[in-house]
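Work through the exercises below with the model open. Try each task before reading its solution.

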Amino acid sequence: MNRTDFINAGIRIGESDEDELYAEAALDWLKKNTSIPVGSLENLPAGAKLFIMRYGSIMQSDSSIASESLGGMSQSFRSSSKADLIADLASQLLGDDVLSGSSITVVPVRRGWNCGC
């Protein structure tokens with residue numbers, strides 16, 4: 001993929017070679033961690049396109065601090081890693097298409113334990 005492919009699909013990325021590489025890395029992340037078929041960029045859902053555009057800015061950020069203020073009160077948050085921020089972004093934009101990292105199966109109890117007590 002090159003910058004022109006991304007732009008033609010409606011995915012705005014920066015002008016540098018690094019921005020293009022981050023966009024390709026975002027595609028790799030989508031392939032590995034979601035159920036979204038990543039074939040043609042034009043056919044990606046809007047959430048996936050937004051994910052690609054924001055992926056690079058998260059990876060390039062020097063700080064993982066976000067803050068907000070409202071009516072004289074403010075709060076700040078710090079994430080422990082960029083991976084957490086990427087996972088959060090994916091969860092928000094891609095929802096159920098994000099693959100679970102664990103293979104835990106919950107089985108309901110059909111009858112209680114018989115301990116012979």
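Accessible areas come from the Shrake-Rupley method with a 1.4 Å probe; for residues, only the protein chains shown count as cover. The model is predicted: local features need pLDDT of at least 70, side-chain atom pairs count only at pLDDT 80 or more, and totals for chains, interfaces and linings use all residues. Numbering starts from 1 along each chain as its sequence is written, and side-chain values use heavy atoms, without hydrogens and water.

**Exercise 1. Describe the chain as a whole.**

Step 1. Take the surface. The accessible surface is about 8,600 Å², and 50% of that belongs to carbon and sulfur atoms.

Step 2. Take burial. Buried means under 20% relative accessible area, exposed over 50%, and partly exposed in between (1.4 Å probe, protein chains only). Of the 117 residues in the chain, 26% are buried.

Step 3. List the elements. Helices (H or I, at least four residues) and strands (E, at least two) are DSSP runs, numbered from the N terminus. The chain has four helices and two strands. Their order from the N terminus is α-α-α-β-β-α.

Step 4. Check the contacts. A contact means heavy atoms within 4.5 Å. Among contacts with a separation of 6 or more, 54% join residues 24 or more positions apart.

**Exercise 2. Dissect the largest nonpolar core.**

Step 1. Define it. A nonpolar core is a set of buried Ala, Val, Leu, Ile, Met, Phe, Trp, Tyr and Cys residues joined through side-chain atoms within 4.5 Å.

Step 2. Find its centre of contacts. The largest core has 22 residues, and F6, I11, L30, L44, F51 and I52 have the most contacts inside it.

Step 3. Assign elements. α2 (17–33), α3 (46–60) and α4 (82–94) each give two or more residues to this core. α2 gives the most, with six.

Step 4. Follow F6. Leaving out residues up to four places away in sequence, F6 touches M1, I11, I13, A23, E24, L27, L41 and I52.

**Exercise 3. Test the geometry of α3.**

Step 1. Compute the span. The expected span is 1.5 Å times one less than the number of residues. The 15 residues of α3 should therefore span 21 Å; the end C-alpha atoms are 22 Å apart, which agrees.

Step 2. Locate the bend, the angle between axes fitted to the seven residues ending at a residue and the seven starting there. α3 has a kink of about 30 degrees, centred on R54.

Step 3. Trace the packing. Buried residues of α3 include F51, I52 and Y55. The buried residues of α3 pack against α1 (3–8), α2 and α4.

**Exercise 4. Is E15 buried or exposed?**

Step 1. Place E15: the loop between α1 and α2.

Step 2. Apply the cut-off. E15 counts as exposed because its relative accessibility is 65%.
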